[in-house]
Amino acid sequence: MTWYAIDISGCKERWEKYSMSCVHDVVIYFEEGSKTQDYKALAVISSLKKIANIIEFYPKDIGSNDHSAEIIKEEGLRIRFSTECNLEKIRKFFFETISPKDFELGTSDH
């Protein structure tokens with residue numbers, strides 16, 4: 001799995017907010033044949049911001065590069081985020097809010 005770090009230097013308060021909650025990694029797969037995977041990915045990120053702090057996601061150029069939709073189709077949308085929600089609430093969020101084809105959710109060591 002390839003992750004691209006977001007430069008948070010100079011953002012001590014933001015990093016402290018991440019470190020006070022659990023950090024999770026999720027890989028989301030959308031239905032086959034979807035031609036709007038990049039727009040669905042943007043919608044997922046936007047919705048997830050309601051319950052979590054987005055740390056990073058891949059591909060980074062969603063919506064601005066046509067190739068990002070192909071990456072999402074082949075590798076899934078990868079998001080690292082922090083939240084105070086427990087795993088049950090996070091799983092419920094993904095099932096009820098975005099109805100993905102499949103997703104892999106794990107807890108990360110920052």
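Helices (H or I, at least four residues) and strands (E, at least two) are taken as DSSP runs and numbered from the N terminus, and the expected span of a helix is 1.5 Å times one less than its number of residues. The structure is a predicted model, in which local features need pLDDT of at least 70 and side-chain atom pairs count only at pLDDT 80 or more, while totals for chains, interfaces and linings use all residues. Residues are numbered from 1 along each chain as its sequence is written, and side-chain values use heavy atoms, leaving out hydrogens and water.

A good place to begin is helix α4. This helix covers residues 87-98, twelve in number, and reaches 16 Å from its first C-alpha to its last, close to the 16 Å expected. Its buried residues (under 20% relative accessible area, 1.4 Å probe, protein chains only) are I90, F93, F94 and I98. Viewed down the axis of α4, they fall within an arc of 90 degrees (taken from the directions from the helix axis to the C-beta atoms), so these buried residues line one face of the helix. The face turned away carries E88, K89, F95 and E96, which are exposed (over 50%).

Next comes the interior. The largest nonpolar core (buried Ala, Val, Leu, Ile, Met, Phe, Trp, Tyr and Cys residues joined through side-chain atoms within 4.5 Å) has 21 residues, and I28, L77, I79, F81 and F94 have the most contacts inside it. Elements giving two or more residues to this core are β1, α2, β2 (53-58), β3, α4 and β4. F81 is in contact (heavy atoms within 4.5 Å) with residues including I90, F94 and L105.

Key. Lists of a residue's contacts leave out its neighbours within four places in sequence.
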